[in-house]
Amino acid sequence: MNFDDLIQGFPDLTTTGLAQGSVYALVALGYTLVYGVLRLINFAHSEVFMYGTFAALWTWGLMGYDSNSTRPSLGMALLLILVALVVAALFSGGVAVLLETVAYRPLRKRNAPPLAFLISAIGASFVLAEAMGALTERRQQGIPSILPSTPLFTAGGWTVTPVQLMTLVVALGVMFALDWFVSKTRFGRGIRAVAQDADTAALMGVNKGRVIALVFLLGGLLAGVAAVFYNLKQGNTRFNGGFLIGLKAFSAAVLGGIGNLRGALIGGLLLGLVEAYGAALFGSNWTNVIAFVVLLVLLMFRPTGLLGESLGRARA
Amino acid sequence: MTTEPIKQPRRGLHLGDRFRALPKPARIAAIVVGIALLYVLPLKGFYENLGFPIPVGSGYLPFYTTGSDMANVLFQCGYYILLALGLNVVLGYAGLLDLGFFGFFAVGAYTVALLTSPDSKLITEYNWLESPWPWLVTVPIGVSLALLSGVLLGWPTLRLRGDYLAIVTLGFAEIIRIVAKNQDWILNGDRGIPSVAHPPGTWSDGSPVFGILDWSPYYWLVLTVIIAVIFLIRNLANSRVGRAWIAIREDEDAAELMGVPTFKFKLWAFAIGAAVGGLSGTLWAGQANFVNSATFSLENSILVLAAVVLGGAGSIGGAILGGFLVIYLPEWLRSVGDVFGWPHSVDVFGIFRLDTSPTSLRFIIFGALLIVVMIYRPQGLWPNRRRAAELKDRQKEVAPVE
Amino acid sequence: MRQRLARVLGGVAILALVAGGAAACKKEEATTPGGSTVSGLKIGFFGALTGDNAGLVTPGKNGAELAIAEYNAANPGADVQLVPFDSQGSPDKAAALATSAVADAKIIGIVGPAFSGESEVANPIFDQAGLPIITQSATRPSLNSKGWKIFHRGVGNDLSQGPAIGRYLKDVAKATKVFIVDDQSAYGTGLRDEVKKILGAAVVGQDKVTEKQQEFGPVVTAVKSSGADAVFYGGYTPEAAPFLKQLRAGGFKGTFIGGDGLYDANMLSVTGKADVEGAVVTCPCGPATAAKGNFVADFKAKFGTDPGVYADVAYDLTKVFLEGFKAGKTTRADLQAFLGTYNGVGSATGVTYKWEANGELDPAQVAVWAFTAKDGAWANATQIPKG
């Protein structure tokens, strides 16, 4: 136990925790959306995220920036990030929709048992990860440094870097946009209807197949956004890098109450904070244990997560 | 629904039905021969005399894994089959989704390693033991500890349902692995525990039966254990306990209302599954010689899960087939690729170098196979008849809405 | 029904025949003496040829390949082959590979296993079969005390590298506050313990990370709040590169140093030119790009790249085996005896290879070098003075 480190680094740890938590939250939203509608753990979502990291990397590569390049000017940096966000989100979204078409839709048509979906998801996860492994010779790839490393501001021991602030702001923004989309638009109403009762919704004229594809697309878009910020923060990616983030994000979704959009956000941020504080207190190597212990203890007392499952009733 | 013909034309071989139609002596003879056949599998000579045409000089043998030692691959298949049998009780019978099954394997393996290695810290640092124990003594201890950890984990968590249980069990396996990795005081982390004991026995010339070079005895041992475990599980499944499990799997609330103490039986399933998983771990440790935290990664738990569902949840035959396939298939794909000179990398327009070595492609093929099997045989390759019938019911009940 | 029974019994009989035949064949095979002929000899190369740590091992494999190609060209009629065994650096896979290496009677020497973890699993198997090995990079000290007769190490172990890192930090980098991070691997913790012993009170903080970890925010915070002017990392590139990158992004300006686990090209390219600048790695091996003789030119001609880490060591060690072949040592036992009395200078490394009874290189021959990253390359090789 190292209380000194925790107290000394508390403000810093809070910002790193929130930034990391934002990435978890964005990925967790993908799990939660799919789960809310299909009652399915989309095991391959971590690979959808990983494809986003590579899409961003390749985009930057085509624009002339690799890990050895010098930092671009601020305007160029913002442009690079914006382009990467669009490309990665679309790419991840595409992979997610493809995944749904190939690995899940045929099963749904045959009304397969839930376990078959899970195994199909695992199979898809193997295929996606290993295909990227073959494509990249299983090498770890460095990400160009884009945003300046000079802190935005320093107050005492507290520093906030541009990456951290940007991650948090974008995650919150995306979250509000999604919340609005699900609760206010026609598409959102369709999603909620299918989540509440798929068969009745179908009888009422909701196109279930299209709603499900939309849900996967949304999850993929968010994973792509998360991927760009993961790249900026972590500085590297590799073909098997999605697994751990996927695991954490799924835990975050469960923590907040799987199927619940706001739960995913809160779960993600909370998990990020708990990990950061826990790492300072017990050492970085215990991070994952702390995350899981918190999850287990919470589930003992609140068996459906912090906010409970409720995509169907997620109206504002 | 009345337009549906009453008797559909039957397709396929229906080996199961044909087998059941045989007279009893023939059935027993077939089983005995089948088992005898299993015992000769690690011998290379067997494959050379199968009578298949072999391309001269290619080094290829049908079904034989040239890439790594066949007996070794079979032994791995063996302990995965045991794991699949254990998980089959939890998942297939009682319907509890356990994503961290490998944790129990770790408990079994570490128990053996700690008690039998002369380099174990129990002996060198804490002096709890005078001298290392023989392997055979530690097996029941390992199995009991795994069973105990199953109960300890199940007690608080089995009240959770479905996917929540999945994440909790997953967390449990990760915690075991990380704890094993992170601390030096007993399990010795990544440095691990060397010189773990092997099973007892010597040949007539004094050399140990369970040596280091020849893996066949280990395979024979694990095969024997598998046969014993199958008998135990079959009996259990046909008893009151087994019927209670099926009731829980079908509809937990209905079972509870009908007076089945669901929690108790769920705990039973969890504990028995854990014990079989632990047994598998003790056998593995008896061979492995060296145990460290690197072996118990989460991917293994997922592989076991894939084995059970691929074979057919709820079916013993399915668990065996699945456990065999998940290990053997990737290995076999690799040897076939090596033998026939599959290119190891391909240049794509000079931009990418695509790594096409069989070693790296085998999991793509395996993953695609999982998807295909789930689409065309969601009940698994070798389903339990009752379970397959349940699924058919389900398909009829709910007409697909698109 | 009777027909069916007959068919079943017939099938059973055939199967029994096949099985019996197989068993009989096996026996025959076992009784024929497995004499070895001089042609078709093979040398195994054992290590991570794919996966995250392949960058540390593939240069060595190329070095071995070069040595064999030269030998075959120089000796008409020689057709020595190199057989790669790709363990992916994982102890799990090592046992099966070692067993199949042992089963091939033509393989009479092994270069590797490259890492210490897989050595723990594979070496007992090699020892049982009497198959001599020389490792170019498994540096865990305890490997020499397991009683493996076949074990030979072509470089110094962590007991030489760890203290050298400590001395470098103290005497060359003049660091007064050192933060120590390790990845909890056997390799990382081994180095950490040695470095800590030398530095003593200069260690101001310590943290541990795990394999595949990518987020190092809390460690960066701890480093900064400890006020350290140097960070030592005990582990491998996949974690070290993002860690260093995040350290620099967090504003850390001090020295970053690691062992030979970071001495590969990936460390440079993943971290990026700007962030890796000034990072120091050590190695119980000299700079391969400055190897003696024609090695560098030949290597470049054959593979199109500069020789990487341990390429020269593996080249020389393979040549030791090949000298044995030339002297007519064509069985495992002969080769093992040959290594026991070997005393010769490696043409690329310039190191005199001479092994002690426990398989360690003669301590007088062990030298530890430090390399500094400069403009995206490992440069500035200097030998760390012996303590």
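# Exercises on a predicted three-chain model

Chain C holds an open sheet of 7 strands in the order 7-6-8-9-10-13-14, with mixed pairing. Strands (E, at least two residues) and helices (H or I, at least four) are DSSP runs numbered from the N terminus, and two strands pair if DSSP finds at least two bridges between them. The model is predicted: local features need pLDDT of at least 70 and side-chain atom pairs count only at pLDDT 80 or more, whereas totals for chains, interfaces and linings use all residues. Residues are numbered from 1 along each chain as its sequence is written, and chains are lettered from A and ligands numbered from 1 in the order in which they are written.

## Exercise 1

Determine which strands stand at the edges of the 7-stranded sheet of chain C, and why one side of each is left without a neighbour.

**Solution.**
Step 1. Strand 7 (203-208) and strand 14 (377-383) of chain C each have a single partner strand, so one side of each lacks a neighbour in the sheet.
Step 2. On average, neighbouring strands of this sheet are turned by 25° against each other, direction ignored; axes are lines fitted to C-alpha atoms, for helices over the stretch in contact, and angles run from 0 to 180 degrees between N-to-C directions.
Step 3. Strand 14 of chain C runs antiparallel to strand 13 (residues 369-374) of chain C, and 5 bridges join the two. Within strand 14 of chain C, Trp378(C) stands opposite Ala373(C).
Step 4. Helix 5 (residues 158-172) of chain C lies across strands including strand 6 (178-182) and strand 10 (280-283) of chain C, and runs at about 145° to strand 10 of chain C.

## Exercise 2

Describe the open sheet of 5 strands in chain C and identify the helix that packs on the sheet.

**Solution.**
Step 1. The order is 2-1-3-4-5 (chain C), and the pairing is parallel.
Step 2. Strand 2 (81-86) and strand 5 (151-153) of chain C are the edge strands, each pairing on one side only. From one strand to the next, the twist averages 25°.
Step 3. Strand 3 (residues 107-111) and strand 4 (residues 133-135) of chain C run parallel and are joined by 2 bridges. Ile134(C) in strand 4 of chain C is the bridge partner of Val111(C).
Step 4. Helix 12 (residues 311-326) of chain C packs on the sheet, touching strand 1 (42-47), strand 3 and strand 4 of chain C. The direction of helix 12 of chain C makes about 160° with that of strand 3 of chain C.

## Exercise 3

Analyse the side of chain B that touches chain A, then one helix pair across the two chains.

**Solution.**
Step 1. Contact (C-beta atoms, placed from the backbone, within 7 Å) links 42 residues of chain B with 43 residues of chain A.
Step 2. Helix 15 (358-376) of chain B is one of the elements that supply at least two residues to this side. Helix 15 of chain B gives the most, with 11 residues.
Step 3. By class, the side of chain B has 29 nonpolar, 6 polar and 7 charged residues. Ala, Val, Leu, Ile, Met, Phe, Trp, Tyr, Cys and Pro count as nonpolar, Asp, Glu, Lys and Arg as charged, and the others, Gly among them, as polar.
Step 4. The axes of helix 5 (residues 114-135) of chain A and helix 13 of chain B come within 10 Å and cross at roughly 130°.
Step 5. The pair is therefore oblique (under 35 degrees is roughly parallel, over 145 roughly antiparallel, 65 to 115 roughly perpendicular and the rest oblique).
Step 6. Residues of this contact include Ile119(A) of helix 5 of chain A and Ile302(B) of helix 13 of chain B; the contact divides into 8 nonpolar, no polar and no charged residues.
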